[in-house]
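Student: I'd like to go through this model and ask where the labels come from. Can we set each term against its cut-offs as we go?

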Amino acid sequence: MIPGRVLVPGEAHGEALVTTDALSFWGGYDFHTGQIIDRHHPLAGVCARGRILAVPASKGSSTTTAVLLEAVRAGTAPAAILTTGVDAFFALASIVADVMYGKSFPVIALEPADFASLVTGAHLVVDRDGRVSVS
Amino acid sequence: MLDGIDGPAAQLAMSIVVRMADVYGASELMDISQAHVDSTIYLGDATLEFAERLASLGARVAVPTSLNVSGVDECGWKDWAVSPDWAAKAARQMLAYERMGAVPTWTCAPYQTHMRPIFGQQIAWGESNAIAFANSVIGARTERYPDLLDICCAITGRVPAVGLHLAHNRAGQLLVRLVGVPRALQEDDQFFAVLGHLVGQLAGDRIPVLDGIVVSPAEDHLKAFAAAAASSGCVALFHIAGVTPEAPTIDAAFQRRAPEDTIDVTMADLRDARRQLTTADGRELDMVILGSPHFSLAEFRALAPLVAGRRRHPRVKFLVTSSRFMKEEADTAGVLAPIVAFGAQITLDTCILASPMLPPEIRTLMTNSAKYAYYAPSLLNTRVTFGSLADCVRSAIEGRVVRDESVWQSA
């Protein structure tokens with residue numbers, strides 16, 4: 001059980017998709033499909049829809065939040081996002097998705113050492129208190 | 001405001017600002033006196049529904065507010081591959097933000113309009129290049145505001161009192177030293193864009209301080225640096241010793257603290273970074289694209305003599321993206337006519353990344369913009385060659401990619 005800081009609360013479970021490289025969703029995420037499209041990124045070509053995306057932070061464009069909001073509306077967003085530091089962009093997208101569509105997703109900040117213990121493919125469960133466990 | 005006394009739109013906007021203050025860990029809110037809204041970029045139904053929800057609730061901006069690019073050139077979209085449905089919805093989104101009382105600047109370079117903020121001014125700006133420019137080159141103070149929050153700050157006039165709004169968080173963290181980078185290269189038209197692309201990767205989200213710049217960069221070179229560093233990395237503030245206002249000296253830029261880390265940049269690093277910006281391999285060329293961030297009057301002035309009396313190759317399109325305001329300035333200054341006579345097209349108030357303009361037969365681009373070079377391969381599925389302004393013009397005339405490599409090879 002990994003304790004995290006809740007930026008946006010919620011419950012989620014799914015397959016972990018882990019990267020150590022920051023990601024811009026604008027120019028990096030196709031909200032029609034949920035696929036990561038940034039060719040500079042190691043996850044290029046991978047689909048993050050419905051998965052627990054562990055990414056240290058957002059980078060680049062201010063429009064990352066709007067892309068993520070579109071993804072929530074289209075049903076192509078990750079089930080939860082786990083970060084290292086406090087990432088306001090991911091949190092904002094979830095908060096506005098809650099306001100607009102009543103559909104938020106959990107955004108949880110983990111300690112770097114805990115983040116480093118995550119592995120792609122593991123089945124993760126996120127609870128409302130920001131705890132992440134492998135099931 | 002939270003109680004609804006200022007109306008339902010202000011209540012909704014403030015509820016989002018307050019929830020974000022919690023996320024940031026802010027203990028209080030503070031006033032801003034200006035905003036720049038990037039939420040204008042139309043992506044799909046969600047961005048439109050958000051804008052129209054606020055507008056229909058009667059939202060009004062509380063501070064002078066400029067608007068970033070939109071999703072459509074209202075007058076020119078029919079010349080391109082934009083669908084009527086996209087154009088109509090993007091225009092509705094524009095109207096929603098205009099109804100809120102914002103100034104229809106429609107540009108990603110608001111710092112080159114009459115809305116330019118001043119040193120020390122507290123502002124809430126979206127658009128990654130504009131954030132980096134306002135903080136670094138002007139010394140105004142903004143956090144890195146994402147789309148959807150920028151407009152909430154504009155409506156409430158309030159922001160969480162955190163991050164780059166506070167002087168002590170503006171100190172440099174990473175020292176980047178240029179080692180053996182000669183003046184001749186620093187004077188090259190491509191240098192600051194390439195350096196920005198490299199520094200963005202090195203810095204990530206740390207505040208870089210550059211040492212070793214021996215030239216006085218033009219404003220558009222600093223613009224190119226900011227846009228590149230905010231694309232390849234997460235740079236919202238940088239200092240250049242002897243150039244930017246909070247860095248009269250290295251020591252001042254670090255607020256007399258020691259750098260957390262020091263990285264040396266050599267010619268080899270710069271050559272690598274320049275190479276990364278080119279993803280095309282042949283000489284084929286379908287289109288030259290200039291103007292990310294939006295082309296300025298100084299850039300129109302620089303382009304005009306290069307194209308005067310010449311004509312682009314009939315197979316190669318030549319597009320400049322800018323704002324309606326800047327096009328008028330260029331026209332008044334007499335520098336637009338030779339550019340149009342060359343066969344250039346001008347797209348206003350949007351760009352090729354924000355509007356689905358390009359027809360599928362456009363496969364290979366050439367640009368002097370590191371931001372276009374960074375995003376076009378992923379967003380547009382095109383291949384790109386990066387070069388100087390003069391290279392771009394010469395290539396458009398010859399109908400194939402031509403680059404003058406002399407200064408990058410010999411230096």
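Tutor: Sure. Helices and strands here are DSSP runs, H or I over at least four residues for a helix and E over at least two for a strand, numbered from the N terminus. Read that way, chain A runs β-β-β-β-β-α-β-α-β-α-β-β along its sequence. This is a predicted model, where local features need pLDDT of at least 70, side-chain atom pairs count only at pLDDT 80 or more, and totals for chains, interfaces and linings use all residues. Residues are numbered from 1 along each chain as its sequence is written, while chains are lettered from A and ligands numbered from 1 in the order in which they are written.

Student: What makes chain A as compact as a globular protein of its length?

Tutor: The radius of gyration is taken over C-alpha atoms, and the globule rule is 2.2 Å times the number of residues to the power 0.38. For 135 residues the rule gives 14 Å, and chain A comes out close to that at 13 Å, so the label fits. Its C-alpha atoms fill a box of roughly 35 × 35 × 25 Å along the principal axes.

Student: And what about chain B, with how many helices and strands?

Tutor: Chain B has 16 helices and 14 strands. Its radius of gyration is 21 Å, close to the 22 Å expected from the rule for 411 residues, so chain B is also as compact as a globular protein of that length. The C-alpha trace of chain B spans about 65 × 55 × 35 Å along its principal axes.

Student: Why is A:Ala109 called buried?

Tutor: Count C-beta atoms, placed from the backbone: 20 or more others within 10 Å means buried, 12 or fewer means exposed, and in between is partly exposed. A:Ala109 has 22 others within 10 Å, so it is buried. This residue sits in strand S7 (residues 107-109) of chain A. By the same test, 55% of the 135 residues of chain A count as buried, and in chain B the figure is 54% of 411.

Student: Which residues does A:Ala109 contact, beyond its neighbours within four places in sequence?

Tutor: A contact means that two C-beta atoms, placed from the backbone, lie within 7 Å. On that basis A:Ala109 meets A:Gly4, A:Arg5, A:Leu7, A:Thr83, A:Thr84, A:Gly85 and A:Val86. Take A:Gly85: it is 24 residues from A:Ala109 in sequence, yet their C-alpha atoms are 6.0 Å apart.

Student: How do you know that A:Ser62 is buried?

Tutor: A:Ser62 has 31 C-beta neighbours inside 10 Å, so it counts as buried. A:Ser62 is in the loop between strand S5 (52-54) and H1 of chain A. Leaving out residues up to four places away, its contacts are B:Asp38, B:Gly126, B:Glu127, B:Ser128, B:Tyr145, B:Pro146 and B:Asp147.

Student: Why is H1(A) called oblique to H2(A)?

Tutor: Axes are lines fitted to C-alpha atoms, for helices over the stretch in contact, and angles between N-to-C directions run from 0 to 180 degrees. Under 35 degrees is roughly parallel, over 145 roughly antiparallel, 65 to 115 roughly perpendicular, and the rest oblique. H1 (residues 64-74) and H2 (residues 88-101) of chain A pack at about 40°, with axes 9 Å apart. That angle makes the pair oblique.

Student: What makes H1(A) roughly perpendicular to H2(B)?

Tutor: Their angle is about 105°, with the axes 8 Å apart. That makes H1(A) roughly perpendicular to H2(B). The contact brings A:Ala66, A:Leu69, A:Glu70 and A:Arg73 against B:Asp45, B:Ala46 and B:Thr47.

Student: Where are the backbone oddities in chain B, and what makes them odd?

Tutor: Most residues other than glycine have a negative phi, and most peptide bonds are trans. B:Leu148 has a phi near 85°, positive in a residue other than glycine, and B:Asp349 has one of about 70°. Both are buried: B:Leu148 has 32 C-beta neighbours inside 10 Å and B:Asp349 has 30. There is also a cis peptide bond between B:Ser292 and B:Pro293, with omega about -5°. B:Pro293 lies in the loop between strand S10 (287-290) and helix H11 (297-307).
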